[in-house]
Amino acid sequence: VWIGSGTIACRHVPRRPILLPARSPYLPIRQCPLLPQAATSTFSRATPTINRAATSSSFLNAAAIAASSPLPERSELLQPFFSSAMAKDPVRVLVTGAAGQIGYALVPMIARGVMLGPEQPVILHMLDIPPAAEALNGVKMELVDAAFPLLKGVVATTDVVEACTGVSVAIMVGGFPRKEGMERKDVMSKNVSIYKSQASALEKHAAPNCKVLVVANPANTNALILKEFAPSIPEKNITCLTRLDHNRALGQISERLNVQVSDVKNVIIWGNHSSTQYPDVNHATVKTPSGEKPVRELVADDAWLNGEFITTVQQRGAAIIKARKLSSALSAASSACDHIRDWVLGTPEGTWVSMGVYSDGSYNVPAGLIYSFPVTCKNGEWTIVQGLPIDELSRKKLDATAEELSEEKSLAYSCLS
């Protein structure tokens, strides 16, 4: 019976209705055995709203029928509400470095449906190095204890082949961090070795259209190495994470203007996931009561936008380490979910996001680099946004971060030889 703007009540036992939120993901209520077809014809999952005028009399009739009808079994009543989510085959998702900080924050988000949606079951494949095996098993125990309805299995292993077998999404969080006294080439050499091994395993054992997101730094160049050693994986399926920087830029604009972050869109992160990245607001807008307005117009402070704003986003990771004494974990995990979700499920119309992707020469960026561009996503494919005007300041910054990436690429290839 209709009882309010957000709730539908179905009689189950006397004075004990089942209450279902009107926008529940489990709302194929047209199948409810308590309601006749006449009362339920206006319901659908795609548009779970109610035409009160069309259904008011039907609901009153349904209430009378329900009051006099034999009560169905609880399982009979609830089964239709869960059928749509249970019908999908689970997707196998790999997380490397899963016992680490980011992995620990990331795996429950995936298991809860944050990454692939609230109706997509998943099987988690977690990989880490042998010294972390015990901690990895502890993460598996916690996943089991959390009883996530969408989580249909957990593989926790230190064997890269077992971890990569059958996966359709791979989140590469594991890598060798730079330690005090280490030269850049030393760090690069360690990561080249790691990503060469993991690339070979993905090449041979992952699902044919596996989507790969590299998170571990240097993310752009690690992704490039992975691409070199997994040639059968399409180059468009290998990306790196700059969505964290993108989200940081959105957050800074939101704080500056005192608006909801969801009302800010179309910032861009160009280039490398490093301190040379270029956070660009020249095409960004904010939703206001009078329509969308350019960020530059609303901020009205070019000195801040061209100075402090850029450095704050570039150095945000270092600031978090200084504050927490640990690197970003929660925000990195959340951004990884955002990256994959938009890639798989699509970006909203008129909105783009930042992804580190294989350069095709767009915006005069050298081809063959993994470089962050503005992209839109549809049907599981990303497309670089074309035709945006680039001013003189932006051109210099795009070129500077491309130069750094070219140097990293040369260094990585020297490690290979």
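Modeller: First, a term we'll need: buried means under 20% relative accessible area, exposed means over 50%, and partly exposed is in between (1.4 Å probe, protein chains only). This is a predicted model, where local features need pLDDT of at least 70, side-chain atom pairs count only at pLDDT 80 or more, and totals for chains, interfaces and linings use all residues. Residues are numbered from 1 along each chain as its sequence is written, and side-chain values use heavy atoms, with hydrogens and water left out.

Colleague: Okay, let's try that out. Is Y363 buried or exposed?

Modeller: Find Y363 in the loop between β14 (353-358) and β15 (370-378); strands are DSSP E runs of at least two residues and helices are H or I runs of at least four, numbered from the N terminus. Y363 isn't a glycine, yet its phi is positive, about 55°. Its relative accessible area is 11%, so Y363 counts as buried.

Colleague: And A147, buried or exposed?

Modeller: A147 sits in the loop between α5 (133-146) and β5 (151-157). A147 also has a positive phi, near 55°, and isn't a glycine. That's worth a look because most residues other than glycine have a negative phi. With 57% relative accessibility, A147 is exposed.

Colleague: What kind of peptide bond runs from N217 to P218?

Modeller: P218 is in the loop between β7 (211-214) and α8. Most peptide bonds are trans. From N217 to P218, though, omega is near -5°, and the bond is cis.

Colleague: How many of the 10 residues of helix α8 are buried?

Modeller: Helix α8 covers residues 219-228 and is largely enclosed by the rest of the structure. Among the buried residues are A219, N222, A223 and K227. Of the 10 residues in α8, the number buried is 9.

Colleague: How are α8 and α15 oriented to each other?

Modeller: Helix α15 spans residues 392-416, and its axis comes within 10 Å of the α8 axis, crossing at roughly 45°. Axes are lines fitted to C-alpha atoms, for helices over the stretch in contact, with angles from 0 to 180 degrees between N-to-C directions. Under 35 degrees counts as roughly parallel, over 145 as roughly antiparallel, 65 to 115 as roughly perpendicular, and the rest as oblique. The two helices α8 and α15 are therefore oblique.

Colleague: Now α4 and α14: what is the handedness of their crossing?

Modeller: The axes of α4 (residues 101-112) and α14 (residues 330-345) come within 8 Å and cross at roughly 40°. A crossing is left-handed if the near helix is turned anticlockwise from the far one by less than a right angle, and right-handed if clockwise. For α4 and α14, the crossing is right-handed.

Colleague: Which residues in α4 meet α14?

Modeller: Contact means heavy atoms within 4.5 Å. On the α14 side you'll find L330, A332, A333, S334, A336 and C337, and facing them in α4 are I102, A105, L106 and M109.

Colleague: Let's finish with a sheet. Which strands are the edge strands?

Modeller: Here 3 strands form an open antiparallel sheet in the order β9-β12-β13, where two strands pair if DSSP finds at least two bridges between them. Strand β12 (residues 285-288) is joined to β13 by 4 bridges, and T288 has G291 in β13 as its bridge partner. The strands that pair on one side only are the edge strands, β9 (264-265) and β13 (291-294).
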